[in-house]
Amino acid sequence: MRRLTGVDNLFLKQERRTQPQHTIKAVVLNPAMAHQPVGFESIRSVVPALVERIAPLRWQLIAPRWGRPWWVERPRIDVDYHLKRCCVPAPGGDRELSAQINQINMGALDRGRPMWQLYYLDGLAEGRIALVLKLHHAMADGMASLRLLESMFSSDPAEPLPTAAGAPVDEPRPNVGAWYRTVLRQQAQAAARFPAVLRRSARTIETVRGRRRAGRPGFAAAFSAPPAPFNAPFTPGREFAYITCDLNTIKTIKSAFGVTVNDVYLAACSGAIRSYLARRGALAGQPLTAVVPVAIRPPGAAVDWGNQVTTWYASLATDVADPVERLRCISANTKAARAVHDERDLWLFGDWMEYWPLFWFYGRALPIVGAATTKRPTYSLIASNVPGPKTRLYFAGAPVEKLISVGPIVYPYGLNFTGWSYGDEMTVGMQACSDHVPDIWQIAEGFTKAIDELSSMAAPFATR
C-alpha cells in the first residue's frame with residue numbers, strides 16, 4: 001500500500017460533481033511511420049504491459065472513515081472500462097480534436113477502479129491518431145506526468161511495443177484490525193509532529209512580516225483582483241481549446257527583453273485574457289492574478305509519483321495596455337515570487353494538509369468567506385508551465401508529433417492555462433466552465449496574438 005501525500009489528498013477533497021480533479025495528457029501519433037501496426041487492437045494488447053510498467057495505472061483508492069486515504073495495487077483491470085475508442089469528426093483538425101478531448105474531459109473518474117482511462121481517437125487529418133489519457137491529479141503532478149509519458153512511450157524509435165511479463169496479482173486488502181492499527185499509528189505520528197508544524201508556521205509568518213517591514217515586494221495579495229466572468233460557481237459543462245506556439249519564438253522574446261520563458265508564457269496568458277475581457281466589456285482597471293504551481297522536488301532527485309508542488313501567487317498586469325510593459329511588470333512580479341519561494345518553508349503547505357479539518361478552515365472556508373465579503377475571488381485563474389520531454393518520443397517507431405495537456409479548474413479559479421513544451425513547440429491547453437466561457441477559442445486566439453505582438457516588438461532587439 002502507498003499512503004497519499006497531503007497534496008495528493010487535496011485533489012480528492014476538492015472533487016465535486018461540478019469540479020472533477022483529473023488531468024488530460026494527449027499525444028498525436030503518425031502510425032504510418034511505425035514499424036509495427038499501431039491501431040486500436042494493438043493498443044488494446046499493449047494496455048496490460050503499460051499497467052505492469054507504470055505504477056499509478058495499478059492503484060485503486062481505499063479510504064478509512066477518518067485519516068488519509070491509501071493506494072492499493074489492483075493490476076487486474078477491466079480493459080473495456082480503461083480503454084475506449086472514439087472517432088474525431090471530419091476534417092480532423094485542431095478544433096475537432098479539441099472538441100473530442102472536451103467530451104472526454106467532462107465527468108469524473110470512477111473511484112472504485114484505478115483512476116484513469118485511455119482513449120484511442122482516429123479520424124484525424126492525414127491518418128494521424130491521438131491517445132488521450134484521463135488521469136486523476138491525485139496520482140501525478142506535472143513532473144510525475146512527464147515521467148509517466150516517458151514510461152509509456154520511448155526515446156528509441158526502434159523499440160517495439162511493450163508486452164506484459166506475467167499474470168497480475170492484486171494486493172490483498174489489509175484486515176480490519178491491521179488497517180485500523182496502521183491508521184491510528186499514522187494519526188499519532190501526525191499529532192506528535194503538530195507542535196513542529198506550528199513553530200515552522202510562526203517562522204514563516206515572521207518571514208512574511210519581515211519582507212513587508214523592509215518594503216520588499218512579495219506574492220500578489222489575496223482578494224486583490226476584480227471578479228472576472230469565469231470566477232462564478234461552476235456547472236458540470238466544460239470548454240477546452242489548445243493552441244501550439246513556436247518555442248524558438250518564445251525564447252527569442254525571452255532573450256530580447258531579458259526575462260524568462262515562464263514570464264513570456266504568463267504575459268501571453270495575460271494578453272489573451274485582457275483582449276477577451278475587453279471584447280466582452282468586462283476589462284477592469286485592476287489586474288487579475290494567477291495561481292502558478294511550482295515543482296519542489298529536490299534537484300537531481302528521482303521523480304516519484306504523486307504531487308510535490310507549491311504555488312506562487314502573481315499579478316498578471318492585465319491593466320497594462322502596452323505588451324512589453326506588461327511583460328516587464330510580470331517579470332518583476334515573478335522575481336518577487338521567486339524571492340519569497342527561496343525564503344519560505346516549501347514543505348509547510350503540504351504538511352498542513354495532514355490536519356485536514358484545520359487546513360480546510362484556512363485553505364477553503366476562509367477564502368469562501370473572504371470572497372463573499374469582498375465580492376472578489378481569492379485569485380483569478382491557474383497558469384502552469386511544464387518543461388516537456390527532452391527528447392522525441394515514439395510508439396513502435398510512430399513519432400509523437402504533439403503533446404497536449406490541461407489541468408482541472410478549482411473554484412473560484414475558473415480558468416486553467418496549462419503549457420507543455422515538446423521539441424520546438426509549446427502547446428497550451430485551456431479549460432473553463434462552459435456556462436461562463438462559451439467561447440474559449442477567443443482566448444486561444446488571443447494567446448497566439450499576444451505571442452505575435454511580443455515577437456514583432458522583439459525583432460529590433462534580436463537583430464542587434
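In the predicted model, serine 201 touches Leu348 and Trp352, when residues up to four places away in sequence are not counted. Serine 201 lies in helix α6, which covers residues 176-213. With a relative accessible area of 12%, serine 201 is buried, because this value falls under 20%.

Helix α6 also takes part in the packing of a sheet. An open sheet of three strands is arranged in the order β1-β4-β3, and its pairing is antiparallel. The edges are formed by β1 (2-3) and β3 (59-62); each has a single partner strand, so one side of each is left without a neighbour in the sheet. Helix α6 packs on this sheet and touches β1, β3 and β4, and the direction of the helix makes about 145° with that of β4. Between β3 and strand β4 (residues 70-73), the antiparallel pairing extends over four bridges. Within this pairing, isoleucine 62 has tryptophan 70 in β4 as its bridge partner.

A second arrangement of strands is an open sheet of six, with the order β8-β15-β14-β11-β9-β10 and mixed pairing. Here the edge positions belong to β8 (238-246) and β10 (309-315); each of these has a single partner strand, so one side of each is left without a neighbour in the sheet. On average, neighbouring strands of the six-stranded sheet are turned by 20° against each other, direction ignored. Strand β9 (residues 289-295) pairs with strand β11 (residues 381-386) in the parallel sense, over two bridges. Valine 291 stands opposite isoleucine 382 in β11. Two helices that pack on this sheet can be described in turn. Helix α7 (residues 247-257) touches β8, β14 (415-422) and β15 (425-433), and its direction makes about 70° with that of β8. Helix α9 (residues 323-343) touches β9 and β10, and its direction makes about 145° with that of β10.

Several features of the backbone were also examined. Most residues other than glycine have a negative phi, and most peptide bonds are trans. The peptide bond from alanine 90 to proline 91 is cis, with omega near 5°. Proline 91 belongs to the loop between β5 (83-87) and α4 (94-105). The bond from tyrosine 411 to proline 412 is likewise cis, with omega near 5°, and proline 412 is placed in the loop between β13 (398-406) and β14.

Positive phi values occur at lysine 375 and alanine 396. Lysine 375 is not a glycine, yet its phi is positive, at about 65°. The loop between α11 (356-374) and β11 contains lysine 375. This residue is exposed, because its relative accessible area of 64% is over 50%. Alanine 396, also not a glycine, has a positive phi of about 55° and is found in the loop between β12 (394-395) and β13. Alanine 396 counts as buried, because its relative accessibility of 4% is under 20%.

Alanine 396 further contributes to the lining of an internal space. Rolling a probe the size of a water molecule over the atoms shows where empty space is left. A search of the whole structure yields four cavities of 30 Å³ or more, and the largest cavity has a volume of about 70 Å³. Among the residues that line the largest cavity are Arg53, Met152, Phe153, Asp156, Glu159, Tyr394, Phe395 and Ala396. By class, the lining of the largest cavity comprises eight nonpolar, one polar and three charged residues.

Technical notes: Residues are numbered from 1 along each chain as its sequence is written. This is a predicted model: local features need pLDDT of at least 70, side-chain atom pairs count only at pLDDT 80 or more; totals for chains, interfaces and linings use all residues. Side-chain values use heavy atoms; hydrogens and water are left out. On a 1 Å grid over the protein atoms alone, a cavity is a set of points where a 1.4 Å probe fits but cannot get out, and a pocket is an open set with protein on both sides within 12 Å along at least five of seven lines; lining residues have an atom within 4 Å of a point. Grid points are joined across faces, edges and corners, and a volume is the space filled by probe spheres set on the points. Ala, Val, Leu, Ile, Met, Phe, Trp, Tyr, Cys and Pro count as nonpolar, Asp, Glu, Lys and Arg as charged, and the others, Gly among them, as polar. Buried means under 20% relative accessible area, exposed over 50%, partly exposed in between (1.4 Å probe, protein chains only). Contact means heavy atoms within 4.5 Å. Two strands pair if DSSP finds at least two bridges between them. Axes are lines fitted to C-alpha atoms, for helices over the stretch in contact, and angles run from 0 to 180 degrees between N-to-C directions.
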